Amino acid sequence: MLLTKANKRMSTIAIHADWIFSLTSTPIPNGWLVAHEGVIEFLGRELPPRFQSVPIRKLPNTALLPGLINAHCHLEFSDMANPIEFHGSFIAWIQSVVRHRAQANGEESIERRRMAVARGIEESYRSGTRILFDTITAPWSPDWIQSPSIPQELASSPEVGILRHALTGLSRFYVVPIPETLDIHQSRGDETIAFARRVHEQMGEPKNRQSSPTSSSSIMPRLAISPHAPYTASRNLVRNWTAWSQSNHGLVSMHLAESREEMEWLAERAEPIESALGRFRDQAFARQSSTMQDYVDAMLEAWLGIIAHGNYLDESLLTNLSAHRNHVAIAHCPRTYRHFHPDRSTQNYPLAERLRRGVRHLVGTDSRASNPDLSVWSEMQTMLNYPGISGEEIIAMATREPADLLGLADFGTLAVGNRSLCTAIPLSGTLEQEDIYRSLLTVGKSAVPLESMIVES
Ligand SMILES: [Zn+2]
């Protein structure tokens with residue numbers, strides 16, 4: 001389509017903000033960002049003359065960040081008003097989650113699931129997330145990934161719609177579905193593997209590929225898979241999927257070293273997990289005896305790997321992970337960690353030490369079964385309590401680091417040619433220069449999609 005001058009003008013917008021955090025160089029005070037059809041055309045302190053006739057929005061008391069990335073989530077639980085309480089046993093908590101899932105059946109459960117996913121997408125979008133890695137179980141449909149709506153109170157004139165489109169291009173939000181598989185019993189293995197194959201076929205269909213028409217790199221072409229956790233998924237299953245990931249350039253995501261109970265079960269088939277598994281597993285699963293090292297080694301074979309939690313990995317395993325940081329990372333979920341460790345202060349979480357070691361960490365919210373909401377920003381603010389960690393390290397875990405791991409060249413940082421799916425941070429005060437990133441996390445009230453701030457001028 002040939003753009004007339006007026007059209008081109010309308011599909012471009014210049015934003016002025018107090019601060020622009022590009023994550024590639026020092027934050028820009030009083031900066032300008034020009035976007036055209038979802039791609040950044042300019043970033044800097046002085047608006048060049050060629051952009052002075054495009055529509056302008058000045059956003060006082062606002063900082064801009066690259067769009068936030070949620071590396072670990074389960075949207076199917078997004079209809080929960082409150083997390084499921086933890087009473088000291090991790091496996092007992094998992095059993096409560098399974099019971100919650102089983103409460104409805106048939107058509108009703110499918111509809112409830114669809115609504116939960118829709119709610120989770122809306123909530124994530126409104127709290128500034130742009131890409132979300134969703135661990136899914138059946139039933140599920142690619143049609144459930146709907147573009148989130150602009151809040152009603154902000155829906156206004158067509159002109160405003162066009163200006164928002166200038167920032168976002170065609171898609172405002174991306175979900176990477178990660179089908180969960182387990183082989184604790186052969187029948188469960190057959191079911192979940194068939195489910196995963198179906199999802200992969202569906203995601204391979206052109207209509208379900210969320211590619212970006214405005215840039216040469218499609219944002220999310222990857223297929224993904226999740227072997228659930230060591231107490232439900234054998235090492236062989238993990239290995240089959242890591243081999244699959246090599247031939248499909250896919251992502252393998254797995255819960256590992258999340259709880260003390262899991263570590264004790266792996267080491268010596270300890271209670272309470274051993275009894276809890278009893279009636280669900282078959283002989284083949286009961287006979288296998290892999291260690292945490294076996295699982296980590298298997299994950300290191302992945303083309304791309306995300307270890308969800310990894311709270312209890314020991315020094316030698318962390319050393320192995322750091323040697324593979326170019327393709328394997330840990331998704332840390334701060335408030336979920338706090339949910340299961342009410343006795344331990346998050347001030348003790350050795351994240352800084354792990355980062356110094358070179359282990360790549362991303363941020364996840366996990367689900368509303370263990371977290372009060374799906375705000376990545378709140379997860380980042382929780383990490384302000386961790387000793388020895390810089391504000392920039394925290395912010396990078398939800399922006400630059402996941403984009404770099406996943407090879408999303410036009411995401412995770414703000415630069416000319418990158419996607420302009422920005423997250424805006426309304427500020428409740430002025431930023432202090434000394435660790436300005438930490439100051440942003442302290443003074444930043446919330447995170448919202450930038451386009452939601454574009455209203456009538
Ligand atoms: Zn999880």
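The legends below describe an overview and several close-up views of one predicted protein model.

Residues are numbered from 1 along each chain as its sequence is written, and side-chain values use heavy atoms, with hydrogens and water left out. Because the model is predicted, local features need pLDDT of at least 70 and side-chain atom pairs count only at pLDDT 80 or more, whereas totals for chains, interfaces and linings use all residues.

**Figure 1. Overview of the protein, with 17 helices and 14 strands.**
Helices (H or I, at least four residues) and strands (E, at least two) are DSSP runs, numbered from the N terminus. The C-alpha atoms fill a box of roughly 70 × 50 × 40 Å along the principal axes. The radius of gyration is 22 Å, in agreement with the value near 23 Å for a compact globule of 457 residues; the radius is taken over C-alpha atoms, and the globule rule is 2.2 Å times the number of residues to the power 0.38. Of the 457 residues, 60% are buried, where buried means under 20% relative accessible area, exposed over 50%, and partly exposed in between (1.4 Å probe, protein chains only). Among contacts with a separation of 6 or more, 76% are made by residues 24 or more positions apart, a contact being heavy atoms within 4.5 Å.

**Figure 2. Surface and charges of the protein.**
The accessible surface comes to about 18,700 Å², and carbon and sulfur atoms contribute 50% of this area. Accessible areas come from the Shrake-Rupley method with a 1.4 Å probe; for residues, only the protein chains shown count as cover. The protein has 43 positive and 50 negative charges, and their mean positions are 4 Å apart. Lys and Arg count as positive and Asp and Glu as negative, while His and the chain ends are not counted. Each charge is placed at NZ of Lys, CZ of Arg, CG of Asp or CD of Glu.

**Figure 3. Cysteine 73 and cysteine 333, with a sulfur separation of 8.8 Å.**
A disulfide is a covalent bond between the sulfur atoms of two cysteines. Under the criterion of a pair of cysteine sulfur atoms within 2.5 Å, the count is 0 disulfides. Cysteine 73 is in no disulfide, and the nearest cysteine sulfur is that of cysteine 333. Seen from cysteine 333, the closest cysteine sulfur is that of cysteine 73, which is too far for a bond. Cysteine 73 is buried, with a relative accessible area of 0%, and cysteine 333 is buried with a value of 1%.

**Figure 4. Two cis peptide bonds that precede prolines.**
The bond from alanine 138 to proline 139 is cis, with omega near 0°. Proline 139 is found in the loop between strand S6 (129-136) and H4. Glutamate 271 and proline 272 are likewise joined by a cis peptide bond, with omega about 5°. Proline 272 belongs to the loop between helix H7 (260-268) and helix H8 (273-277).

**Figure 5. Histidine 309 and aspartate 435, non-glycine residues with positive phi.**
Histidine 309 has a phi of about 80° and is part of strand S10 (residues 304-309). This histidine 309 is buried, with a relative accessible area of 2%. For aspartate 435, phi is about 45°; the residue lies in the loop between strand S13 (422-426) and helix H17 (436-443). Aspartate 435 is partly exposed, at a relative accessible area of 29%.

**Figure 6. Surroundings of asparagine 371 in the loop between strand S12 (361-363) and helix H14 (376-382).**
Asparagine 371 is buried, with a relative accessible area of 0%. Leaving aside residues up to four places away in sequence, asparagine 371 touches Pro83, Arg335, Thr336, Thr365 and Glu379.

**Figure 7. Surroundings of threonine 413 in the loop between helix H16 (400-406) and S13.**
Threonine 413 is buried, with a relative accessible area of 14%. Not counting residues up to four places away in sequence, the contacts of threonine 413 are Ser22, Leu23, Thr24, Pro66, Arg400 and Asn418. Glycine 358 is 55 residues from threonine 413 along the chain, and their C-alpha atoms are separated by 20 Å.

**Figure 8. Leucine 170 in the loop between helix H4 (158-168) and strand S7 (174-181).**
Leucine 170 is exposed, with a relative accessible area of 63%. Leucine 170 and leucine 362 are 192 residues apart along the chain, with 26 Å between their C-alpha atoms.
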